Amino acid sequence: MEKSNWNKRKWSDGFLKGLIYLSTALTVAILAVIIGFILYKGIPGVNLNFLVRNWDSRTTFVNVNKQAGEASTNPKYVPSLGITLEDEDDTVYIKEIESNSPVRKALNMKEQLYELKKSDIITKVDSENTKGMKAEEVAALIMGSSDAAIRLKVIRPGGGIMPMLISTIYIIILTLAIAGPIGISSAIYLNEYAKPGRVLRLIRFAIQNLAGIPSIIYGLFGMLVFVQIAKMQYSILAGALTLSIMLLPTIISATEEALKEIPKVYRESSFGLGATKLQTIRKIILPGALPGILVAMILGIGRIVGESAALIWTAGTVAQIPISLVGGEASAATLTTKMYWLIKETGDLSTASSIAVVLLILIIVLNVASKLITRLFLRKKGTN
Amino acid sequence: ETNTDVTPTTEPTAEATKAPEATTEPTEAAETDGDLSGTISITGSTSVEKILMDMIDEFTALNPDVNINYTGTGSSAGIADTLAGSNDIGASSRELKDEEKVDGLKQVIFAYDGIAVAVNPANTVTDITLEDLVKIYSGEITNWNQVGGSDANIVVVSREGASGTRGAFEELIKLEDAGGLVEDATVLEGNGNVQQSVAGNANAIGYVSFSFIDETVKALTVGGVEPTAENAKAGTYSLSRPFIFASMEATQTPVAKAFLEFAVSEDGQGFVEDHGGIRVD
Amino acid sequence: MNDTVKFSVKDLDLYYGNFQALKKINMEIYKGKITAFIGPSGCGKSTFLKTINRMNDLIESVKITGSITMDGVDIYKDMDAIQLRTRVGMVFQQPNPFPMSIYDNVAYGPRIHGIKKKSVLDEIVERSLKQAAIWEEVKDKLKKSALAVSGGQQQRICIARTLAIEPEVILMDEPTSALDPISTLKIEDLATELKQQYSIIIVTHNMQQAGRISDKTAFFLTGEVVEYGDTEQIFNKPKNKKTEDYITGRFG
Amino acid sequence: MNDTVKFSVKDLDLYYGNFQALKKINMEIYKGKITAFIGPSGCGKSTFLKTINRMNDLIESVKITGSITMDGVDIYKDMDAIQLRTRVGMVFQQPNPFPMSIYDNVAYGPRIHGIKKKSVLDEIVERSLKQAAIWEEVKDKLKKSALAVSGGQQQRICIARTLAIEPEVILMDEPTSALDPISTLKIEDLATELKQQYSIIIVTHNMQQAGRISDKTAFFLTGEVVEYGDTEQIFNKPKNKKTEDYITGRFG
Amino acid sequence: MKKIAYKDNKISKRSEFPEKLFHGIFLVCALASVLSVIAIILFVFSKGLKPFFGDDAYSFLKFITGMKWDPGNDIYGVFYMIAGSVLATLGAIVLGVPIGLLTAVFIAEIAPKKLVAIIKPAIELLAGIPSVIYGAFGLGVIVPAINKISPTGQGESLLAVICVLTIMILPTIISLSESSIRAVPKSYREASLGLGASKTQTIFKAVIPAARSGILTATVLGIGRAIGETMAVMMIAGNNIGGLPKSIFSKIRPLTTNIAMEMGYASGKHQDMLFATGVILFVFIMVINITLIKLTSRLGSQGSSS
Amino acid sequence: MRQTFIAQLEALNNDVIKMGSILELSTNEMILALDNTDTAISKKIIDRDDEIDLLEQQIEKDCINIIAKQQPLASDLRKITSIMKIITDIERIADHCVDISEYIIRLSKLPKVNPPKNLSDMISAMKKMVIGTIDSFVEGNLEKATKVIQADDEVDTYFEKITEELSETMQKDSNMVPQCICYLMIIKYLERMADHATNIAEWITFIVTGDLVIG
Amino acid sequence: MRQTFIAQLEALNNDVIKMGSILELSTNEMILALDNTDTAISKKIIDRDDEIDLLEQQIEKDCINIIAKQQPLASDLRKITSIMKIITDIERIADHCVDISEYIIRLSKLPKVNPPKNLSDMISAMKKMVIGTIDSFVEGNLEKATKVIQADDEVDTYFEKITEELSETMQKDSNMVPQCICYLMIIKYLERMADHATNIAEWITFIVTGDLVIG
Ligand SMILES: Nc1ncnc2c1ncn2[C@@H]1O[C@H](COP(=O)(O)OP(=O)(O)OP(=O)(O)O)[C@@H](O)[C@H]1O
Ligand SMILES: Nc1ncnc2c1ncn2[C@@H]1O[C@H](COP(=O)(O)OP(=O)(O)OP(=O)(O)O)[C@@H](O)[C@H]1O
Ligand SMILES: [Mg+2]
Ligand SMILES: [Mg+2]
Ligand SMILES: O=P([O-])([O-])[O-]
């Protein structure tokens, strides 16, 4: 065809190609900025303590039995307790603990073992406030007491996300335990049993709607029904139930995808070999769909981890490790809700970003896990 | 490793690491209260959180068998929970409204809080009169040069509709009479957001609890009066309000009662001061 | 030849909802022979085939009247569908081994029917694969995925899987249409081999294939059996004009 | 017959990475004839076909040596691939109309090449559909989706789509393997019709098809052209033992 | 040949009971979704519609057309929020769909495998990031940036919301578009190239049209995500208590934010009004969902025969 | 519809008909030549044989080609296989025309004698058969084919009669032996021609009915 | 490998060979009968013809079936089409054996005369040809087939010679005319048998080389 067309084509090709590259560059840039922002703000705050410590500091009174210890030249060393002290910003904390130190056998007010740890801050020795003292002074104070036992008021510093990590895991387990079986069963019903008709349409319509409802509405609903009407209070169960409903469509549709992947001929073959429906489901369909189901679960975990709006008003924002399913002691913040809370209440973007870093890592792990499962599955299925 | 490493700067726990100055004998307190056990659930105001968390920490240290949960849901919700019986104590950062004062509801004022008018440190304005403040929040004054600042639009930052702080603030400056909050005001959830927002915007004005004033924001003097606890307590600083614990007398547990007592005790009050609050006397 | 009737189909009508896919089918299918169904696309071949082992039961909208008897027993009234399907095996168009090892594929049927003993299973698997003329090719990789072999081999594994439940009849729905010519011939030879022991019914689009391997041929058109008779007669001297037209490519 | 050489292939080698898929192909393909490529699966038929319109350019790992000239011009050295492809149209195994209307499908090529005038397009569409012997069947539903017609019709629409760019050569890669016998015959007749105007190269698995419609046949085996000659000779009296074995089904 | 005895009555005796039982269990589970939707509608609507009935009923008209939200003074108007939500969503779609689609094109059609191996997981990561993080990002980066250019002197604005929402819907748009582009049969590409089209022409004239149903679904899902987004938006929208947005730099108060912001604090009628806002949001989402269902079924039927 | 195939069949059919009409021509001319012991016509007949041979070869090839390429079945296959047989018979009949022509030339070199009495009747019977076969092929007419088959007996009877007559003639007049031998051979060929016509008719029956009647 | 097809081709081949061996038997017996003017043997030959006819019909059917079902190509197709032709010729040769046998019976009823001098030579030449064709078919031996084709001339020469001899005999002794006519017919049949053998040899050439030599 003609030459002029030819040039016009080349020009418009180039333009469109340019747009494509531009868009991609933009997307990648955005991603880089977001990740960069999070890492820049968050990385400095991430360390072992951040991961393993409690969120809040915890004050405890302990009784410690002194031991016979040799005096030392180090004025910060307390031989009778086998610890070395250090001071900073008006506070004195334990810097080192000997292996046989009696503080390892410290007892709290209830005569329970409360082992002191490094970094624990000593704010009172017997009835003496240590505020403003130097380490040497406190050491002297302790050594000055002639009683066999000594009472210390100890503050274990917080600033860690341990409770949220654990709460998040609890909520994941609970939610999947509720939504998993229901979702998988639903998918099996829809894909294997349901006959076209009103019931199926209704169910599909319901699922599609569930999928579209914004999490804030789930939050409203969960707060109203589980927290208030069912009197669960802010609790992991209320949160998990809310999330379960929210996750149903995800799990159902991902499982259904996996089930659909199983060719119809497998079912026919199985029936053709005289298998019953249940046998076919158990022996052919579920094993075949297992990786897909696992991926569905991982997707679910991803959403649980990332969810905030539906959890804030159902599971609360308390940084504690829940010890029951309902009631006050079951209230718990996940990493994400805590992060939100942190920004809103304190404007502390740095710590929030540190949590975000942890979340990012978690999400990367989940993504990689789902990839691996899929690949493993493909390899199993493919030529080998 | 030191504790400052592990505790980021503006976090409640950072405050908590400072040893309380209380001089009461913990030993006695422990011995008298140590046999307490049970759970207390507290919901409500978020403004009281910092004070409350320290009180809880101390109280539970003294009473290891006591478990206290606090969830910051906002004053109104906290009182509503109390009325509905779904918590033990409701925390409020404002006076109870008339409709909330039902029979059997017992309120304990455990602190007063000043509300600081915060602007960006870069702002040249240092003082504001109550009248100007009302005009700014009602939208009558829109430029900083009307109150002695540079020629720049004022960015008005307020709190969400149900905030106790906002309720108290609007009440104290009688915003209602001036026509209510200007429509265009930025509304943010939580003191922290307000603080952040003001810190990030040279032309913003907001209000936060005293405890949120730090180097990132500057508190204006109101009618020439410094926003200090002393001034607030003395009544010369006009923007202050009570912090209240509300509970239903009939269903009150012994632990809850003990906690309420602790809150107004010397020990408890120590934390009030720690966080820029004003002790009740 | 041995002309025992295996299936006797009487006045069979089949509807998918309101659409009548089979119209008054009357046919006797004989033991130890290969019966081929030919006809243009959509004429009801597969439908009829599936009716024989009640695979259509799985489709909700299907309505069947008339009767099919196997060895004199009404398969719809007096026989359990699952039992029927163990007596009437089926091989499909696409080779469709399950995504398991070759061994597990062949052992699937026996296991379904409760056989657990390894030695018995081993024996069944070997016998079936031998019967399906694939033993030599796969005996060293029984534990490998059945999907890792060629299409033609897969199809023979599927046949072995069917043989493992010791059916009396094997239904094949275009078993070679997805295969290359060489694999096709292997399957054809296998079918000819197997008819000694099994009655075989095969649906095929490939007229020559029907001609090559079948003893009897039925020509279907829009749900009806237009002509049914000895394959030789159908291919050389069809009685019906429509059959002739179809066979000589003058159709449509 | 008119024996003008259209393509002249010289010492063509093609590698996919390290795997040599075509080995020293030497062949002259004639104008106005149908040339068929036959051979077992994987022997390189499609690869060679795609080499002729440089469709292989799109595959990263492909390496080609030797030369192909069209009307004396080296298609790899002295011709733009896109230009080449407008001169050498291609029809694929699966009918693959775009999910657009029939009209838009046929007008796709002309539009790509810058023709916008409705009247011109109308004319091209009608002419192409007529040439593809499908006009009568679709003229009343040109605005309907091209996917809404039967497979055989889809394939003819695809042929019309190719004709619309007025190619000189049409490559067909197993154009009927997805079609039923009746549609297959229609396409075959169409091909015979079209060779008056176009040179046609067709890959087919179906030996009889090659026999039926082609003038020349090339038999490929593991990347080599074993025998190339007049179709009649290849089918009645192949020179090479391997060709004979393949043709008579004694292969593999 | 040894006949193996598994053709006895064992099969028919294999009782029908487990089959039926499990059928029942599966059905009940499937109905859980229906139940959930009904429950959500029932509770949210009953609470959300309460203020408009009874003695001191609030005028629904006033609610739906209201330009100010001031619970303290018993003023509950949501129209300006609806406008804000719609504008923000629209903006996000207008920006996000083209960018996302073109990026998807890059990934699916142009990028070499190695690059895809980097970009794709990155975009999946983008999809997995909790919305709160986007909020933080918006607050920390976008708001200050807009602050610098905004005539209002403030960064919290419709523009900020659009930016964040655009970023948030990008992964949805990209990955759905990408998979629908990838799902376009290779044969379409071959056909187009075979007709002498260039690669770019092939992409825009053959591949994208063929993938349009997937792209549309992506768009609708993007709309759903944008309109329903809460936490990220809340931090950056400004959340003014009244007034329609006048420019891109105006603050808005999306419906979701209105709920989330006051939910914890509200009680009584105020709380009911938040549920009422939820009802409005719900209706919006329903409309989008039904559009989506209709669209996919129409496009689906268009794709196949008849 | 298989256009190409049907066209090929058509062409094949036409070729056979063409072969038949050439044969008819030769037969007629042969009769003429025999009547007048005309060497010129005889030579023409002999020359024409190549045409028939070529045609046979062509048709033979075409048949094999069609079988190879088109996979004919049922009636098509019957037709093609029958044609392959029919053309052999046509060619053979034509050959016999040539053979007779050669004897005519031989006769022309011998003293003229009266042809056997029944010869013309035999010829016309044979001619009827040949033409009958060609007609029945063209029309696919089973009846005509049957008639041809039945007519064979008539020709055989004439053959016996004429042999008798010739035997008597030779016994009577030994001078006429060479001529009589020629006539003997000619009637043998005529008889064979009728036989071949019968064969063709049988193949036509097969085409139409599908019943193989090989005798 | 197409097992079934190959087996079918094998069977077909065997049937043709079987037909050939029956023909060989008939030919040998016919020679014997002719030598001794043995009516008993002649009758046996005549009876045996049905067997050959049936076999021809069977093979004919099988060929059509194989073509219909197996789509033979190249050498396979050549073989099958050739076999279809070959069996016609074999059947025809067998027919001629019958025809000769009938003349033998006729001869036996006439006064005995000495057979023509060259008859036994002609017979052995013809026999060599018939056996040659069968051998070359069995072996697919192109050389032998070529020899058969060449041998035809020899038979033709004998035919001319014997005709001459018989002509003289009849002219000499008119009483011997009936017997001579019988011999004339017999040698005509022998000549035709040789012709048919030639045909077969030509088809065998086609099978092997793929070159159609129709004459
Ligand atoms: N599940 C079904 N529901 C409704 N109609 C069906 C169903 N299955 C098949 N049909 C219809 O029944 C008719 C016969 O279909 P069937 O599959 O038996 O044809 P077939 O002869 O096997 O065709 P093919 O050669 O294409 O496989 C067709 O018109 C088809 O559309
Ligand atoms: N893109 C590719 N990369 C690597 N190898 C390839 C590629 N395409 C084809 N091949 C290999 O090249 C060889 C020839 O392939 P080709 O597709 O040309 O075969 P074919 O003759 O067309 O076979 P078929 O009849 O199955 O279509 C095969 O071995 C195949 O595996
Ligand atoms: Mg079918
Ligand atoms: Mg190919
Ligand atoms: O959280 P508040 O104290 O503002 O209610």
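These are my notebook entries on a predicted model, covering its chains, the domains of one chain and two ligands.

**Entry 1: which chains touch**

I began with the chains and asked which pair shares the most contacts. Of the 13 pairs of chains in contact, that place goes to chains A and E. I then looked up two pairs that do not meet, and I found that no contact joins chain B and chain D, whose closest C-alpha atoms lie 50 Å apart. Chain B and chain G are likewise not joined by any contact, and for this pair the closest C-alpha atoms are 80 Å apart.

**Entry 2: the interface of chains E and A**

I stayed with chains A and E, since they share the most contacts. On the side of chain E I noted 76 residues in contact with chain A, and these meet 78 residues of chain A. Between them the two chains bury about 6700 Å², and 79% of this area is on carbon and sulfur atoms.

I next asked how many salt bridges there are between chain E and chain A. The count is 1 salt bridge, and I could follow it to the side chains of K371(A) and E124(E), which meet with 2.4 Å from N to O. For polar contacts across the interface of chain E and chain A, the rule finds 11 residue pairs, with both residues at pLDDT 80 or more. I also looked up which element of chain E gives the most to the side that touches chain A, and I wrote down helix 2 (residues 17-49), with 19 residues. Sorted by class, this side of chain E has 54 nonpolar, 18 polar and 4 charged residues.

**Entry 3: domains 1 and 3 of chain A**

I turned to chain A by itself, which is divided into domain 1 (1-45), domain 2 (57-156) and domain 3 (161-381). I chose domain 1 and domain 3 of chain A, whose centres, taken over C-alpha atoms, are separated by 34 Å. These domains do touch, as 8 residues of domain 1 of chain A are in contact with 7 residues of domain 3 of chain A.

Domain 1 and domain 3 of chain A bury about 590 Å² between them, with 77% of it on carbon and sulfur atoms. Which three residues supply the most of the area that domain 1 of chain A buries against domain 3 of chain A? I found I38(A), K41(A) and G42(A), which supply 63% of that area. Across this interface of domain 1 and domain 3 of chain A the rule finds 0 salt bridges, while the count of residue pairs in polar contact is 1, with both residues at pLDDT 80 or more. By class, the side of domain 1 of chain A that touches domain 3 of chain A has 5 nonpolar, 2 polar and 1 charged residues.

**Entry 4: the ligands**

Last, I looked around the two ligands, beginning with ligand 1. Of the 13 residues around ligand 1, S41(C), G42(C), K45(C), S46(C) and T47(C) come nearest. An N or O atom in the side chain of S41(C) is 2.5 Å from an oxygen atom of ligand 1. Polar backbone atoms also take part, with G42(C) at 2.7 Å from an oxygen atom of ligand 1 and C43(C) at 3.2 Å from an oxygen atom of ligand 1.

Ligand 2 is surrounded by 13 residues, the closest being S41(D), G42(D), K45(D), S46(D) and T47(D). I noted an oxygen atom of ligand 2 at 3.2 Å from a polar backbone atom of C43(D), and a backbone N or O atom of G44(D) at 2.9 Å from an oxygen atom of ligand 2. For K45(D), an N or O atom in the side chain is 2.8 Å from an oxygen atom of ligand 2.

Definitions and conventions. Residues are numbered from 1 along each chain as its sequence is written. Chains are lettered from A and ligands numbered from 1 in the order in which they are written. This is a predicted model: local features need pLDDT of at least 70, side-chain atom pairs count only at pLDDT 80 or more; totals for chains, interfaces and linings use all residues. Side-chain values use heavy atoms; hydrogens and water are left out. Contact means heavy atoms within 4.5 Å. Domain bounds come from an automatic or database domain assignment. Buried area is the accessible area (1.4 Å probe) that two parts lose on being put together, summed over both. A salt bridge is a side-chain nitrogen of Lys or Arg within 4 Å of a carboxyl oxygen of Asp or Glu. A polar contact is a pair of N or O atoms within 3.5 Å; within protein, one must be able to donate a hydrogen and the other to accept it, and residues adjacent in sequence count only if both atoms are side-chain atoms. Ala, Val, Leu, Ile, Met, Phe, Trp, Tyr, Cys and Pro count as nonpolar, Asp, Glu, Lys and Arg as charged, and the others, Gly among them, as polar. Helices (H or I, at least four residues) and strands (E, at least two) are DSSP runs, numbered from the N terminus. A residue is near a molecule or strand if one of its heavy atoms lies within 4 Å of it.
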